[in-house]
Amino acid sequence: MAGLRVLAATARTLSLLVAPEGTRFALPAPTSWTLRDAAGEPVARGEARVVPLFLEGLEPDSAYRLETDIGGLDLRTLPCTGLIDATDFGVDTQSPDNAEALGRAIAAVPTGGTLRLTPGRYTSGPVFLKPQMTLHLAEGAELAAKADRTGWPILPERTADGRVLGTWEGLPEPCFAALLTAIDCYGLAITGRGVIDGGGDRGDWWHWAKERRDGARRPRTLHLAHCNGVRLTGLTIRNSPSWTLHPYGCRQLHASALRIENPPDSPNTDGFNPESCEAVEITGVDFSVGDDCIAIKAGKRAPGQTDHLSPTRDVRISHCRMQRGHGAVVLGSEMSGGIYDVEIADCAFNATDRGLRLKTRRGRGGAIEGVHMRNVEMWDVPTPLAINGFYFCDPDGKEDWVQNRAPAPVDETTPVLRGITLSNVCAHGVSLAAAAVLGLPEAPIEAVRLQDFRVSYRPDAIADVPLMALGVEAVRHGGLLAENAEVSGTVTCFTEDEDVAPC
């Protein structure tokens, strides 16, 4: 959706899209902009080099006009019922743990009001937010998790009445609370040019990736459970102990103009993992992480345990940049509740192991249906499209009943994948295969369509397996590899010195 538009507003910030036709994340040339107040006086100027433009330091409930090289736009900030400065409640850059003081400050925020963190580094344990408030981390402010997990609160897997509060790899489990935790927080906004540092590089979080400590799993950096109408804008979120952003059971979730960054060797530090959510918009987010950039989930079936399963629907991803990581946009492998209607448009993938990746296995059940990717450009992505029905996750993932290529009986635990379309996709420097599609013989993948799918190959590529399943042969410069799958369309190969249509 190219053009000039408002993505999200709070009382003091605006998240905007400045996207000339054909733009993905980086602008082809710097775009000058001027922000004027209601009297026409300039209040800010700058040059945009990427499509998300984030403005802060604005006045509440005020009119502005943005003028750019590609047009103008009238803007208005939201009202604010009261501004609370966190330092007035004892939040201090010298404190080893500001969690208690931040709790007092949050309690004082009126409905529809704002809690502001001014510039400085504030160390804290987990903080619990409340509905209809804005948390504003101004430029230069940093909320950083403390290194010592002694006394760190544990979020139970369920409430007293049995409602699931969170999962670990698709199953309800107790987890250490996130640095920022929001439960039933409708109308919440977290915004500003500040930094949220999850502290994964401090303490021991990254040393027990698949284990438990004190009966709990590692924390996320931001965990949202059963929240409606949440807006996340402007922030840099980094050094997550595990998944960075994990919304569970949320509706009407918006994220834009974020930067999510974790070291490349940090374990399972996915960027953004909406699970069992509906109506999710992720626009203009810049990812560089240690695992998947975006991983869309819908829970995992286990024997006698299905009450936590519900679908993820209506996810829109646009104008994002995914760098490094295992997959750019991934669906599954926890997809037992079903994943439906996902659109990825106008994005750039750079050096992720795979581009669009769908992964499941026998025993999951559920469906992935209605996935559309268009106008995406990739560089140095070894396998741009990977669809795998034999993904060998979990301790039993390599057992014969999971990996056997003979047809198995079809029942409620048989996963279904159908309706995956890629159009106007251009991948430079492919190493392994343009597309690797491996379905179950008892449930072949249906209706995969490739339209204007172009690839060039990396001359120095070394053969390797394009899918994480047993019995998959290593390949180099493969084209369309499909088994137990209905695939229409072709892959067009080009060399980088050819005179071809722009990607």
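**A guided tour, starting at strand β2**

Begin by selecting strand β5 (residues 52-56) together with β2: the two run antiparallel and are joined by 5 bridges. Strands here are DSSP runs of E with at least two residues, helices are runs of H or I with at least four residues, and both are numbered from the N terminus. Two strands are said to pair if DSSP finds at least two bridges between them. The model is a predicted one, in which local features need pLDDT of at least 70 and side-chain atom pairs count only at pLDDT 80 or more, while totals for chains, interfaces and linings use all residues. Residues are numbered from 1 along each chain as its sequence is written, and side-chain values use heavy atoms, with hydrogens and water left out.

**The neighbours of β2**

Within the pairing just selected, Leu16 has Leu53 as its bridge partner in β5. Next, add strand β1 (residues 3-9), which pairs with β2 in the antiparallel sense over 6 bridges. A hairpin of 3 residues leads from β1 to β2. To see one contact of this pairing, select Ala9 and its bridge partner in β2, Leu14.

**The faces of β2**

Now show the side chains of residues 13-19. How many of the residues of β2 are buried? The count is 7 of 7, so the strand is mostly covered; buried means under 20% relative accessible area, exposed over 50%, and partly exposed in between (1.4 Å probe, protein chains only). On one side lie Thr13, Ser15, Leu17 and Ala19, and on the other Leu14, Leu16 and Val18, all of them buried.

**Thr114**

Move to strand β9 (residues 113-117) and select Thr114. Thr114 is buried, at a relative accessible area of 3%. Leaving aside residues up to four places away in sequence, Thr114 touches Arg12, Cys80, Gly82, Leu83, Ile84, Val109, Thr134 and His136; contact means heavy atoms within 4.5 Å.

**The whole chain**

Finally, return to the full view. The protein chain has 2 helices and 43 strands. Its C-alpha trace spans about 65 × 55 × 35 Å along the principal axes. Its radius of gyration is 23 Å, which agrees with the value near 23 Å for a compact globule of 503 residues; this radius is taken over C-alpha atoms, and the globule rule is 2.2 Å times the number of residues to the power 0.38. Of the 503 residues, 58% count as buried. Among contacts with a separation of 6 or more, 74% involve residues 24 or more positions apart.
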